[in-house]
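Here are some notes to read alongside the model, written as numbered points. I hope they help you find your way around.

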Amino acid sequence: MSFKILHQIQLYAWNAVCPLVAKLKRFYEFSLRLENALRSLLEALTSPPYAPMQHLEREQALAKQFAEILHFTLSFDELKMTNPAIQNDFSYYRRTISRNRLNNQQLEAENEVNNEMANRMSLFYAEATPMLKTLSNATTKFVSENKTLPIEDTTDCLSTMACVCRVMLETPEYRCRFTNTDTMLFCMRVMVGVIILYDHVHPVGAFAKTSKIDMKGCIKVLKEQPSNSVEGLLNALRYTTRHLNDDSTSKQIRALLQ
């Protein structure tokens, strides 16, 4: 293959991958905005003097925004896990800008995603569930930075939301009000999202007997749905929680997630 043809192929690949990398950058920057938004919402939903249930009743619009963030997060990560091309394309982009830097060349696209930004994005997309990882870290950071706020205020907020979602999903009286499957999926994603956040910040996690989340009930309600719609959510519980494999997790719960 001649050098000219090889150069044309490389240029074609570069021009194809640059818009995709620009889109990946926008999602990465959006994750930073979500991180700040989540911490603000947690502050509003856990601040004294109200109990978590009172907060959720008084600030329903904020609770809905929290739920929307979790819904988007789980949706994004499910798509990311089923699209390995994302990391392949980004790896090609990084190799190209590294090669250009060695040859003292700079392409116009590097002005948008330079080497430093590419490194940060690479760490983000290397995670199996990058958005969820961002929210988990943000929740953990919120708890550690607010030492005067009892950790129970945060975990009770999360467990209450998980309970509300589970009850809506398992109670025929409530479930029959769902006009489409999207609403069911919304509830399931929010439920799984708050379980994972709870498991990251609670000292013994969501799977222990002392947990305020009915994990058996939550897993059963997921497994009652068509497997193609919940497999990603079950995998999130299997692989992105911290305490599933702890000794305190019952054999029944482990068996349910096998």
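1. Let me begin with a small network: salt bridges link Arg-166, Glu-170 and Asp-214. Please keep in mind throughout that this is a predicted model. A search over the whole structure gives nine salt bridges, and a few others are worth a look below.

2. How far apart in sequence are Lys-212 and Asp-156, whose side chains form a salt bridge? Their side chains meet at 3.1 Å, N to O. The two residues are 56 residues apart, and the pair links distant parts of the chain: Lys-212 sits in the loop between α9 (181-201) and α10 (215-223), while Asp-156 belongs to helix α7 (residues 151-170). The partners also fall into separate accessibility classes. Lys-212 is exposed because its relative accessible area, 52%, is over the 50% cut-off. Asp-156, with 16% relative accessibility, counts as buried because that value is under 20%.

3. For a local counterpart, turn to helix α3 (residues 60-81), which holds both Lys-64 and Glu-68. Their side chains form a salt bridge with an N to O distance of 2.5 Å. The two are four residues apart, about one turn of the helix. Why does that spacing suit a pairing along one helix? An α-helix has 3.6 residues a turn, so residues three or four places apart point the same way. Both partners count as partly exposed: Lys-64 has 42% relative accessibility, and Glu-68 has 30%.

4. One further pair to check is Arg-238 with Glu-231, a salt bridge in which the closest N and O atoms are 3.0 Å apart. Is each partner buried or partly exposed? Arg-238 is buried, at a relative accessible area of 16%. Glu-231 is partly exposed, at 34% relative accessibility.

5. Helix α6 (residues 130-145) deserves a moment, and Ser-136 is found in it. The end C-alpha atoms of α6 are 22 Å apart, which agrees with the 22 Å that its 16 residues should span at 1.5 Å a residue. Among the buried residues of α6 are Pro-130, Met-131, Leu-132, Leu-135, Phe-142 and Val-143, together with Thr-134, Ser-136 and Thr-139. Ser-136 has a relative accessible area of 2% and is therefore buried, the limit being under 20%. Which residues does Ser-136 touch, leaving aside its neighbours within four places in sequence? They are Ile-196, Leu-197 and His-200.

6. Now for the empty space. Rolling a probe the size of a water molecule over the atoms shows where such space is left. The structure holds one cavity of 30 Å³ or more, and the largest cavity has a volume of about 30 Å³. Its lining consists of Leu-74, Asp-77, Glu-78, Met-81, Thr-129, Leu-132, Gly-232 and Ala-236. Helix α3 gives the most to this lining of the largest cavity, with four residues, and α3 and α11 (227-239) each supply at least two. By type, the lining of the largest cavity divides into four nonpolar, two polar and two charged residues.

7. The largest pocket has a volume of about 400 Å³. It is lined by 16 residues, and those nearest its centre are Ala-63, Ala-67, Met-161, Val-164 and Met-168. Four elements, α2, α3, α7 and α9, give two or more residues to the lining of the largest pocket. Which element provides the largest share of that lining? It is α7, with five residues. Eleven of the residues lining the largest pocket are nonpolar, three are polar and two are charged.

8. Two loops round off the tour. In the loop between α1 (3-46) and α2 (52-58) you will find Pro-49. The peptide bond from Pro-48 to Pro-49 is cis, with omega near 10 degrees. The other loop, between α4 (85-102) and α5 (115-126), holds Glu-112, which counts as partly exposed at 39% relative accessibility. Leaving aside neighbours within four places in sequence, Glu-112 is in contact with Ala-22 and Lys-25. Glu-112 and Ala-22 are 90 residues apart in sequence, yet their C-alpha atoms are 7.3 Å apart in space.

Technical notes. Residues numbered from 1 in each chain as written. Predicted model: local features only at pLDDT ≥ 70, side-chain atom pairs only at ≥ 80, totals over all residues. Heavy atoms only, no water. Salt bridge = Lys/Arg side-chain N within 4 Å of Asp/Glu carboxyl O. Buried < 20%, exposed > 50% of the residue type's maximum accessible area, 1.4 Å probe, protein only. Contact = heavy atoms within 4.5 Å. 1 Å grid on protein atoms, 1.4 Å probe; cavity = no way out; pocket = protein on both sides within 12 Å on 5 of 7 lines; lining within 4 Å. Points joined across faces, edges and corners; volume = space filled by probe spheres on them. Nonpolar A, V, L, I, M, F, W, Y, C, P; charged D, E, K, R; others polar. Expected span 1.5 Å × (residues − 1).
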